[in-house]
Amino acid sequence: MSFVYKKRLTVSDWINYILLGIIAVVSLFPFVYVLSVSFTDPESYIPLKLYLFPENWSLASYKYILSTASFINSLLSTTFITVVGTILNLVFTLTMAYALTKKKVPGIKFIMGCVIFTLVFSAGIVPNYLLVKELGLLNSLWALILPNLTNAWSLIVVKSFIDNLPEELEEAAIMDGCNELGVFFKIILPLSLPVIAAFTLFFAVAHWNQYFQALVYLTDSEKWTLQVLVKSLVIDSETIGAASRGSVSGDATQPPSETIRMASIILSMLPILVIYPFLQKHFAKGVMLGSVKG
């Protein structure tokens with residue numbers, strides 16, 4: 001006979017659940033408002049009115065934004081930065097972290113010390129700008145990718161993860177005739193899928209949210225990232241209309257600036273919200289499940 005233990009909720013438990021529920025509702029309220037305004041029919045939109053649910057549903061704001069050259073250009077720029085930057089981040093972080101686990105490599109302690117030094121001290125904005133300028137990367141999307149190929153925190157976390165993998169697996173692979181590259185691709189990478197999935201999300205979110213560096217390094221509005229464009233929309237309601245002049249058919253009418261802002265915010269958030277659930281399942285998976293027995 002089996003017994004199932006059920007914990008009886010106490011008064012403090014109910015209080016905690018109620019407080020957490022209230023906090024969750026308060027946290028979701030701005031997102032619900034933004035979503036509601038973005039789907040509100042421009043003809044029925046009233047400024048300064050609280051919208052929790054659209055009175056009349058409409059995709060006019062989304063159609064208008066997606067028909068403008070400024071949003072399409074910024075979407076393409078951000079997509080390029082995110083895809084290429086994330087791939088390069090993973091390549092450089094995983095390969096260097098694996099190399100840092102090799103204690104027999106000459107000068108490895110000095111290299112690790114340099115990595116830790118950059119974790120505490122950074123060059124600052126001006127030296128980074130001068131470096132990008134000397135490399136000829138100003139007003140280039142590569143200025144948002146190449147200077148950020150990896151970082152100290154990511155290297156340390158991935159190195160610690162690889163250090164915790166059993167050495168017996170690597171020794172067995174070497175005895176079977178694998179070289180260092182074979183061990184890396186056939187042993188280390190397959191066992192590192194959880195950390196790869198986690199850092200794929202971290203790197204992708206960081207690149208997708210590129211704002212300050214894009215604002216500093218990109219002078220051409222056609223190369224703006226989504227976040228810079230959204231910032232401009234929030235400050236200047238006519239930005240998207242001015243930037244897209246001549247790219248929309250003459251019979252198209254511009255929706256209210258507020259609905260355009262809200263729709264652009266939703267569109268800039270949507271890709272990350274879609275990708276996240278597919279990577280989340282890898283976070284808590286056991287790394288060594290079934291790989292070593294005994």
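Let me start with the contact between two helices in this predicted model, where Met 112, Val 115, Ile 116, Thr 118 and Leu 119 of H4 meet Ala 152, Trp 153, Leu 155, Ile 156 and Lys 159 of H6. Sorted by class, the residues of this contact are 8 nonpolar, 1 polar and 1 charged. As for the geometry, two packed helices are described by the angle between their axes and the distance between the axes. Here the axes of helix H4, which covers residues 108-120, and helix H6, which covers residues 152-163, come within 8 Å and cross at roughly 130°. That crossing makes H4 oblique to H6, because an angle has to be over 145 degrees to count as roughly antiparallel, and from 65 to 115 to count as roughly perpendicular.

Both of these helices come back when we turn to the pockets. Rolling a probe the size of a water molecule over the atoms shows where empty space is left. The largest pocket has a volume of about 820 Å³, and its lining is made up of 30 residues, with Asn 128, Pro 147, Asn 148, Thr 150 and Asn 151 lying nearest the centre. The elements that give two or more residues to this lining are helix H3 (69-100), H4, helix H5 (125-134), H6, helix H9 (193-208) and helix H10 (212-217). By class, the lining of the largest pocket has 18 nonpolar and 12 polar residues, and no charged ones.

What, then, is the make-up of the lining of the second largest pocket? That lining divides into 9 nonpolar, 1 polar and 8 charged residues, and the pocket itself has a volume of about 440 Å³. Of the 18 residues that line the second largest pocket, Thr 101, Lys 102, Asp 163, Glu 167 and Glu 170 are the closest to its centre. Two or more residues of the lining come from each of H6, helix H7 (167-175) and helix H8 (180-191), and the largest share, 5 residues, is given by H7.

Two of the residues just named bring me to my last topic, the salt bridges. Side chains of opposite charge can pair when their charged atoms come close. A search of the whole structure finds 4 salt bridges, and one pair that I would like to show you is Lys 102 with Glu 170, whose side chains meet in a salt bridge at 2.1 Å, N to O. This pair links distant parts of the chain, with Lys 102 in the loop between H3 and H4 and Glu 170 in helix H7, 68 residues apart.

Terms used. Residues numbered from 1 in each chain as written. Predicted model: local features only at pLDDT ≥ 70, side-chain atom pairs only at ≥ 80, totals over all residues. Heavy atoms only, no water. Axes fitted to C-alpha atoms, helices over the stretch in contact; angles between N-to-C directions. Helix = DSSP H or I, 4+ residues; strand = E, 2+ residues; numbered from the N terminus. Parallel < 35°, antiparallel > 145°, perpendicular 65-115°, else oblique. Contact = heavy atoms within 4.5 Å. Nonpolar A, V, L, I, M, F, W, Y, C, P; charged D, E, K, R; others polar. 1 Å grid on protein atoms, 1.4 Å probe; cavity = no way out; pocket = protein on both sides within 12 Å on 5 of 7 lines; lining within 4 Å. Points joined across faces, edges and corners; volume = space filled by probe spheres on them.
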